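Visitor: Hi, could you walk me through a protein structure? I'm in my first year, so plain words please.
Guide: Sure, here it comes, and then just ask away.

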Amino acid sequence: MSYCNITSSEAKDLIKTRICAGGKMQGTTEGDSGGPLLLVRNNRWIQFGITSYGFYTPAEKDNVTTIFDRGVYTRVSAYCKWIETNTLGEVKCQ
């Protein structure tokens with residue numbers, strides 16, 4: 001988790017509720033907070049996370065392919081019971 005500036009002492013607890021994702025020319029950037037982290041599974045879009053915050057490394061002059069966006073997302077599956085309770089069972093998650 002050092003990739004997202006999270007220390008090893010924090011990582012054990014945070015890994016249960018957070019996801020670290022991103023990379024070269026992909027990830028989260030300014031203004032993305034609250035947005036979804038989506039993945040395709042079995043030809044369906046699944047929301048795995050909610051954008052919490054990110055780290056942006058600006059591109060080098062004259063080389064936009066060096067942009068790296070790293071994000072920390074809230075892990076949706078960690079809150080399944082809360083989601084199902086607060087939507088009166090209308091929304092189910094795994």
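Visitor: Let's start with Val40: how exposed does Val40 count as?
Guide: Val40 counts as partly exposed, at 45% relative accessibility. Keep in mind that this is a predicted model, and the numbers are computed from it.

Visitor: Okay, and where does Val40 lie?
Guide: Val40 is in strand β2, which covers residues 36-41.

Visitor: Which residues make the nonpolar surface patch with Val40?
Guide: Leu38 and Trp45 make the patch together with Val40. The patch comes to about 340 Å².

Visitor: Let me zoom out a bit. How many helices and strands does the chain have?
Guide: You'll find 2 helices and 4 strands in the chain. Going along the sequence, the pattern reads α-β-β-β-β-α.

Visitor: What share of the chain's residues count as buried?
Guide: The chain has 94 residues, and 22% of them count as buried.

Visitor: Can you show me one? Take Gly71: buried or exposed?
Guide: Gly71 is buried, with a relative accessible area of 0%. The cut-off for buried is under 20%, so Gly71 falls in that class. You can look for Gly71 in strand β4, residues 68-75.

Visitor: How far is Gly71 from Ala21 in space?
Guide: C-alpha to C-alpha, Gly71 and Ala21 are 5.4 Å apart. Along the sequence, 50 residues separate the two.

Visitor: Nice. Got another pair like that, say with Thr29?
Guide: Yes, try Thr29 and Tyr53, which are 24 residues apart along the chain. Their C-alpha atoms are separated by 8.0 Å. Thr29 belongs to the loop between β1 (18-24) and β2, and Thr29 is partly exposed at 36% relative accessibility.

Visitor: And Ser77, where does Ser77 lie?
Guide: Ser77 is in the loop between β4 and α2. Its relative accessible area is 40%, so Ser77 counts as partly exposed. Ser77 also pairs up with Gly49 in the distance list: 28 residues apart in sequence, 8.2 Å apart in space, C-alpha to C-alpha.

Visitor: New topic. How many disulfides does the structure hold?
Guide: The structure holds 1 disulfide. If the word is new to you, a disulfide is a covalent bond between the sulfur atoms of two cysteines.

Visitor: Which cysteines does the disulfide join?
Guide: Cys80 and Cys93 are joined, with 2.1 Å from S to S. Cys80 lies in helix α2 (residues 80-86) and Cys93 in the segment after α2, so the bond ties together parts that are 13 residues apart in sequence.

Visitor: How do Cys80 and Cys93 count, buried or partly exposed?
Guide: Cys80 counts as buried, at 12% relative accessibility. Cys93 counts as partly exposed, at 21%. The line between the two classes is drawn at 20%, so Cys80 ends up on the buried side, while Cys93 is on the partly exposed side.

Visitor: Next up, pockets. How much space lies in the largest pocket?
Guide: About 470 Å³.

Visitor: Which residues lie nearest the centre of the largest pocket?
Guide: Those are Ile46, Gln47, Lys92, Cys93 and Gln94, out of 16 residues that line the largest pocket. You've met one of them already, since Cys93 is also part of the disulfide with Cys80.

Visitor: Which element gives the largest share of the lining?
Guide: That's β3, with 5 residues. Strand β3 (44-57) and helix α2 each supply at least two residues of the lining.

Visitor: Last thing: what about phi of Asn42?
Guide: Phi of Asn42 is near 50 degrees, a positive value in a residue other than glycine. Asn42 sits in the loop between β2 and β3 and counts as exposed at 74% relative accessibility.

Visitor: And Asn43, what is phi there?
Guide: Asn43 has a positive phi too, about 60 degrees, although Asn43 is not a glycine. Asn43 lies in the loop between β2 and β3, and at 79% relative accessibility Asn43 counts as exposed.

How values were computed:
Residues numbered from 1 in each chain as written. Predicted model: local features only at pLDDT ≥ 70, side-chain atom pairs only at ≥ 80, totals over all residues. Heavy atoms only, no water. Disulfide = S-S within 2.5 Å. Buried < 20%, exposed > 50% of the residue type's maximum accessible area, 1.4 Å probe, protein only. Patch = residues over 30% accessible without salt bridge, like charges linked within 9 Å, V, L, I, M, F, W, Y side chains within 5 Å. Areas by Shrake-Rupley, 256 points an atom, 1.4 Å probe, with all protein chains shown as cover. Salt bridge = Lys/Arg side-chain N within 4 Å of Asp/Glu carboxyl O. 1 Å grid on protein atoms, 1.4 Å probe; cavity = no way out; pocket = protein on both sides within 12 Å on 5 of 7 lines; lining within 4 Å. Points joined across faces, edges and corners; volume = space filled by probe spheres on them.
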